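Q: I would like a close look at a single part of this model, followed outward into the rest of the chain. Please keep the description tied to particular residues and their surroundings.

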Amino acid sequence: MPTGSERDTWALLEQHRDQTRSLQMRDLFAADPGRADRFSRNACGLHVDYSKQRITGETISLLMQLARTRALGEHIEAMFRGDRINVTEARAVLHTALRRLADEPLLLDGVDIMPAIEAVRVRMANLADKVRDGHWRGWQGAAITDIVHIGIGGSHLGPQMACEALRPLVTARLRMHFVSSVDGSEFARTLRTLAPATTLFIIASKSFATEETMTNAQSARSWFLASGAPPSAIAKHFVAVSSHIEAARAFGIEADHVFGLWDWVGGRFSLWSAIGLPVMIAIGPPAFRDLLAGARAMDGHFRQTPFEANLPVILALLDIWNVNCLGAGSHVMAPYNECLRRLPSYLQQLEMESNGKSVCSDGMPVAHQTSPMVWGETGIHGQHAYFQLLHQGTQFAPVDFIAAVAAADSLPGHQAILLANALAQAEALMRGKSATEVRLELSARGIAPEEIEAALPHRTFPGNRPSTFLLLDRIDPHRLGSLIALYEHKVFVEGVLWGINSFDQWGVELGKQLAGHILTELSGAPAAQTHDASTAALIARVREGLRSQ
């Protein structure tokens, strides 16, 4: 329940919104030559320019006041300290511990958890080195050439995104594959490119019971054994990331090749754990440690920096402003770097699974809108797809532009064109194009006045559409770690300000339960429960279609 001071701050923000509704960003820039400097911050290898947000100094002051009325600083310390802030599951939230240095003790229930974390890191590094240098041999004595990671959700999106982002560092000797969908056609296409004797599968499932993951894992096992390999050979071609060692052993995986997880690591925050094993194999243990170091640097910045210069806090407060005061229903991620093409999907889960909630941590209904819809695609493709809506559509969506100055692997002239487009789109969203500008432009081209007037409604752009520009010198493990941790902490801050638990995801359970019932019915079993007419008819049609295959 919001306190009186919190309600007062929300009221002041809404009043400020009404008072500034007519402000145009292009006018604010014209009146304040120092605006970009005042609304930009640097930390952990990232430059963040939020001057193209629809804000003034007073906006920021009120948002900072909101953060303090919510005792944000206390919540931050509670997370880092290991308090059980995931109240619906009575769990600590300690993904930040996964990137701590081994000699920095952290007590949970009176036990220092850092030795266990470091032990897993060391085991991961040993396996990664053996696979990378060819010393890990398959059952027929051949070196591994292909890594297939089988997971779903947070066990899939993070590793795939990181391997893609850091692909210039991926060893040329290995090919990385990621399988998540239970759609068998995806896995079948992957299997056709593999040789059983030189393939290593990583099964990532905390419970070792996730339906999609274990369906794919069993298919991989059957494919491998069908090649003529004996069951004992599974130990040389399958490893697991799981808390359920016995289930993995029953599958045929040796206990030494099972890398554990803890219940204080949520799936969408688990990249830093053994879930990151494919990343470590791909880029090597030193580079993976650098990824952790970048995230650790952002942890320190988040925990120690005053709110006014704190990047996660600033980005979260801007989202609060856009969603709760300006009415934004979605948020676009537009990376201008092909290596970051998986980042929008990763951030989509991070934000919407964390903050897609309609009740507060105490079970009461939320007082405000919570997570916006998060979507996007690489910006250079988006310009020819969704940017039309961003410029002239009836709804507005704030945009995060993410770009790197240097390209790890490019061709002459390409990087400048790429960055010019990113900068231009951000400027165009802010500036728009007035009727006067259109008239002058078309008149200079000799267009007749009557044609100009007819064209005006179609060629004008309202502008005043907010964006934030995140600029990196380059994409490397350290900066990528900082970038990911930035968004993790931003999501946490938003949850605190909305009063929700960002670390559970009960909303995904109902669909899973119903799918189990429907699956039995598709095989011909009597209906386990009554369905609505639409679902019942669709089940009958699908069941008939499956029978005829």
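In which helix is Glu164 found?

A: In this predicted model, Glu164 is found in helix H7, which covers residues 154–165. The residue counts as buried, because its relative accessible area is 14% and the cut-off for burial is under 20%. Its side chain makes a polar contact of 2.7 Å with the side chain of Arg167. When residues up to four places away in sequence are set aside, Glu164 touches Glu338, Cys339, Arg341 and Arg342.

Strand E10, which covers residues 330–336, is a suitable next stop, and Ser330 is found in this strand. With a relative accessibility of 16%, Ser330 counts as buried, and a polar contact of 3.1 Å joins its side chain to that of Trp375. Trp375 also appears among the residues that Ser330 touches beyond four places in sequence, together with Pro372, Met373, Ala397 and Pro398. As for a residue that is remote from Ser330 in space, Glu437 is 107 residues away in sequence, and the C-alpha atoms of the two are 30 Å apart.

His331 lies in strand E10 as well, and it is buried, with a relative accessible area of 5%. The side chain of His331 makes a polar contact of 3.0 Å with the side chain of Asp400. Leaving aside neighbours within four places in sequence, His331 is in contact with Asp319, Pro372, Met373, Val374, Trp375, Pro398, Val399 and Asp400. Pro372, Met373, Trp375 and Pro398 are thus contacts of His331, and these four residues are also touched by Ser330.

Another buried position is offered by Leu63, which is found in helix H4, a helix of residues 57–69. Leu63 has a relative accessible area of 1% and is therefore buried. Beyond four places in sequence, Leu63 touches Leu13, Leu317 and Trp321. The C-alpha atoms of Leu63 and Ala116, which are 53 residues apart in sequence, are 40 Å apart in space.

The loops add some backbone detail. Most residues other than glycine have a negative phi. Phe208, however, has a positive phi of about 55° although it is not a glycine. Phe208 lies in the loop between strand E7, residues 199–204, and helix H9, residues 211–226, and at 7% relative accessibility it counts as buried. Ser207 has its place in this loop between E7 and H9 too, but at 35% relative accessibility Ser207 counts as partly exposed. A polar atom of the Ser207 side chain lies 3.1 Å from the backbone nitrogen of Ala209. Ser207 also touches Ser242 and His244, when residues up to four places away in sequence are not counted, while the C-alpha atoms of Ser207 and Val241, 34 residues apart along the chain, are separated by 9.4 Å.

Asp109 is likewise not a glycine, and it has a positive phi of about 55°. Its position is in the loop between strand E3, residues 107–108, and strand E4, residues 111–112. Asp109 is exposed, with a relative accessible area of 60%, whereas Phe208, at 7%, counts as buried.

These local views can be set against the chain taken as a whole. Its secondary structure comes to 22 helices and 13 strands, and 51% of its 549 residues count as buried. A compact globule with 549 residues would have a radius of gyration near 24 Å, and the 26 Å of the chain agrees with this. The C-alpha trace spans about 80 × 60 × 60 Å along its principal axes.

Among contacts between residues at least 6 apart in sequence, 73% join residues at least 24 apart. The accessible surface of the chain comes to about 23,800 Å², and 55% of it belongs to carbon and sulfur atoms. The side chains include 50 positive and 56 negative ones, and the centres of these two sets lie 4 Å apart.

To return to the starting point, Glu164 in helix H7 is a buried residue whose side chain makes a polar contact with that of Arg167, and its contacts beyond four places in sequence are Glu338, Cys339, Arg341 and Arg342.

Methods: Residues numbered from 1 in each chain as written. Predicted model: local features only at pLDDT ≥ 70, side-chain atom pairs only at ≥ 80, totals over all residues. Heavy atoms only, no water. Helix = DSSP H or I, 4+ residues; strand = E, 2+ residues; numbered from the N terminus. Buried < 20%, exposed > 50% of the residue type's maximum accessible area, 1.4 Å probe, protein only. Polar contact = N/O pair within 3.5 Å; in protein donor to acceptor, adjacent residues only side chain to side chain. Contact = heavy atoms within 4.5 Å. Rg over C-alpha atoms; globule rule 2.2 N^0.38 Å. Areas by Shrake-Rupley, 256 points an atom, 1.4 Å probe, with all protein chains shown as cover. Lys, Arg positive; Asp, Glu negative; His and termini not counted. Charge placed at Lys NZ, Arg CZ, Asp CG, Glu CD.
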